[in-house]
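Visitor: I am new to this structure. Please take me closely through one part of it, the annotated binding site, and then show me a little of what lies elsewhere.

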Amino acid sequence: MNASDLLLHLNNQQRVAVSAPREHFLVLAGAGSGKTRVLSYRIAWLIEKEKFSPQSIIAVTFTNKAAKELRERVRDLIGINQSDMWIGTFHALSHRFLCSNHMHANLPRDFQILDPDDQLRLLTHLMKGMNIDQKKMEPRQGVWYINDKKEKGLRPGHLTKSFCQVDQIWLRIYKVYQETCDRSGLVDFTELLLRVCELWHCKSEILSHYHKQFTNILVDEFQDTNALQYSWIRALSGEQSKVVIVGDDDQSIYGWRGAQTKNMQQFFKDFPSATTIRLERNYRSTLNILKAANTLISNNNDRLGKELWTKASDGEPILLYCALNAFDEARFVVNCIQLWEKDRKSLCDCAILYRNNSQSREVEEALVQKNIAYQIYSGIRFFQRKEIKDSIAYLRLIVNRNDDVAFERIVNTPRRGIGPHTLETLRQISYQRKITLWMASLELLQNEALSVHVAASALKRFIQLIDSLEALTTNMPLYMQTECILQDSGLWCMYSKEKNEKDQTRIENLEELINTTRQYYSHHSKDTDFVSLKSFLAQSSLDINIANGIQSQDSVQLMTIHASKGLEFSQVFIVGMEEGIFPSQFALKENHRLEEERRLAYVGITRAMKRLMLSYVKNRRIYGKEVSYPLSRFVKEIPDACIKKLHFHFQEKQLIEYKDKNNKGVMHDSGFSVAQRVRHVKFGEGVIMHITGYGEQTRLQVDFRKKGVKWLLAMYAMLEAR
Ligand code: ATP
Ligand code: MG
């Protein structure tokens, strides 16, 4: 598309923003008004009209998915593939800066990223080694402490000794943690940003190089930046740089993680010439959905104030379903999706959103039962799965022997006779001598200090295994290397021996990993093997959807509302609209938290383009107890005229008809029937909700009063009829 054509697909306000003279400015606008669109067109405009090189532009997004979409939008607009453009999340971009300058940042060439799970694991091990009572001081709190300090730019050396004893211990832990990370060449997520800021601060020649390079800085979802991210942007902008930020104060949902809307005010202080451009037309949703969102958010006091209008018609009313229980709610959602599918509409246009990850369970079970494909964001993601992490840990240790986290993970996986005692000895040596576990192992073997001969030879075999895997696979393409490692490490064999369903899935996931590395290799075959492996490992830690290979099937999208930011779907379900769930229990008493929850509701509602379904549950089981929460205030704040209510009787009647038609009250050949009350030795009393299969394959879905919904094989369940 040439430059003047670019402006044809924009409204007046958007056009002003896209073609504005090169100055600092803020695009402030509500949901679905085209902020991200403006950002992508602005990038295209800078390249096509202003003739800036793609390398002069850096654009920061909030999620990897958003980065990928932005890159694709720009590619579609300018017609050329710019895969090496600087478009990414703060984390991914920081990683790139550190890779190019690892020596100046005091990092080894093969440094690795520590994801939040691994960070917690490492801290747990370290605290164990330091003999700290983990009941009194939880490692999770330690992670918060450390990340909080890093977000404020504070290193252990900056922190003065506190009079509070607990704080002193945390400080000691922080120090040990940081020393271990530095020794192991590990960089956690917050560290990625902090290191970059420190690098720029200490090495002015590097910073001025980037100042000259990045004359255009663009930031999406600016309202959710925290202090460290803001300093990052501020530091990167040089005299020639122009900063464009886009955001919506009504969608600020990361206050709990330190994000500050006051960064918007700070922006005007730091860039006094900056102006504001407002967009007011919503292109995404029907009038009903927009009215609901506008009215809801007007209940917040702390707002900059914006209006959104649309030319769209009313559209369908928002459906509000009152479910009997969580199980019924899930069934309702799945029924609606089945109807949607019958109309030959794509599953990926449907999203199911919830406040907490734990709410996905019932919905998932119902989807599995009806054989509907789905994909979860931010639940257990592919690279977070145990078997994948095990495999990746081998790759990591081969690249970097000092990676203590990888070492701990696989030293005895599969089991090779290296028990807790040996590990404890290694940890002690590592802690006392300030060396990595790998080095501690070598030392231990050299001094023949291990009293048990068997343990020593097992440890020796492990060291040899890693060394020989490196020698064997160094010049192999990534996918062959992965395959070879899976075989020789014994992981493949370990997972194939088990015959249950879960392990079968694990094997499938390992196969998927090989596929993924193969695709990755074909996209990056021009890189050397080392570069290719290293960037693959970094991307897996940052959970970037490598080569799009994973889950490409048309599937329903499940995610928390937090994760849905910036996205849009034709049909959106928000489940669990109850006081105590959404708004969450913790937000009920504090006004500022309640306002943040309301902004989250605003984000959820405004994801919907055509159809929005809200649901709540009459009786919910939480920690084994039946509770009955009232309808969420956020639903009550939506004008009645926008909503149509559906009650569970409607569903129940349908269900009974269905049951009569299909089961005719006849018992299944297993001797059980739907709605029958049963008792299980371990799980207690429950009601049969579904029966599938026949004979030995009969599976029962039972809703246990105390233990929730479970699928059981009738043959082994030993259920007693009540
Ligand atoms: P959010 O606040 O949720 O991030 P946003 O302001 O970034 O939303 P976009 O995602 O850029 O909004 O745009 C919302 C939808 O409206 C997209 O489908 C986009 O393509 C469409 N859209 C925006 N502007 C126009 C326009 N001028 N003409 C046609 N469609 C548009
Ligand atoms: Mg957006």
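Guide: Here is a walk through the annotated site, followed by the aromatic rings and the cysteines. Keep in mind that this is a predicted model.

Start with the record. An unreviewed UniProt entry carries the annotation "binding site" for Ala29, Gly30, Ala31, Gly32, Ser33, Gly34, Lys35 and Thr36. From this set, Ala31, Gly32, Ser33, Gly34, Lys35 and Thr36 help line the second largest pocket.

Now take Gly30. It sits in the loop that runs between β1 (25–29) and α3 (35–48). Its relative accessibility is 3%, under the 20% cut-off, so Gly30 counts as buried. What does Gly30 contact, leaving aside neighbours within four places in sequence? The list is Lys35, Asp248, Gln251, Leu279, Lys306, Leu308 and Tyr602.

Ala31 is in the loop between β1 and α3 as well. Its relative accessibility is 0%, so Ala31 is also buried. Residues up to four places away in sequence are again not counted for its contacts. Ala31 then touches Asp248, Gln251, Asn282, Arg284, Leu308, Tyr602, Thr606 and Arg607. Asp248, Gln251, Leu308 and Tyr602 appear among the contacts of Gly30 and among those of Ala31.

Next, the aromatic rings. The structure has 21 aromatic pairs. One of them joins Phe97 and Trp200. Their ring centres are 5.1 Å apart. Their planes meet at 80 degrees, and edge-to-face means over 60, so this pair is edge-to-face. Phe97 belongs to helix α5 (residues 90–100), while Trp200 belongs to helix α9 (residues 189–202). The pair therefore ties together parts that are 103 residues apart in sequence. Both Phe97 and Trp200 are buried. They also belong to a cluster linked by ring pairs, together with Trp86, Phe90, Tyr210, Phe214 and Trp232.

Charges meet rings too. Lys345 lies over the face of Trp340, 4.7 Å from the ring centre. The charged end of Arg401 sits over the ring of Trp438, at 5.2 Å from its centre.

Last, the cysteines. A disulfide is a covalent bond between the sulfur atoms of two cysteines. How many disulfides does the structure hold? The count is zero. Cys99 has 27% relative accessibility, so it counts as partly exposed. Cys322 has 2%, so it counts as buried.

Notes. Residues numbered from 1 in each chain as written. Chains lettered and ligands numbered in written order. Predicted model: local features only at pLDDT ≥ 70, side-chain atom pairs only at ≥ 80, totals over all residues. Heavy atoms only, no water. Disulfide = S-S within 2.5 Å. Buried < 20%, exposed > 50% of the residue type's maximum accessible area, 1.4 Å probe, protein only. UniProt positions renumbered as here; feature names shortened; annotations may be inferred. 1 Å grid on protein atoms, 1.4 Å probe; cavity = no way out; pocket = protein on both sides within 12 Å on 5 of 7 lines; lining within 4 Å. Helix = DSSP H or I, 4+ residues; strand = E, 2+ residues; numbered from the N terminus. Contact = heavy atoms within 4.5 Å. Phe/Tyr/Trp six-rings, centres within 6.5 Å; stacked < 30°, edge-to-face > 60°. Lys NZ or Arg CZ within 6 Å of the ring centre and 35° of its normal.
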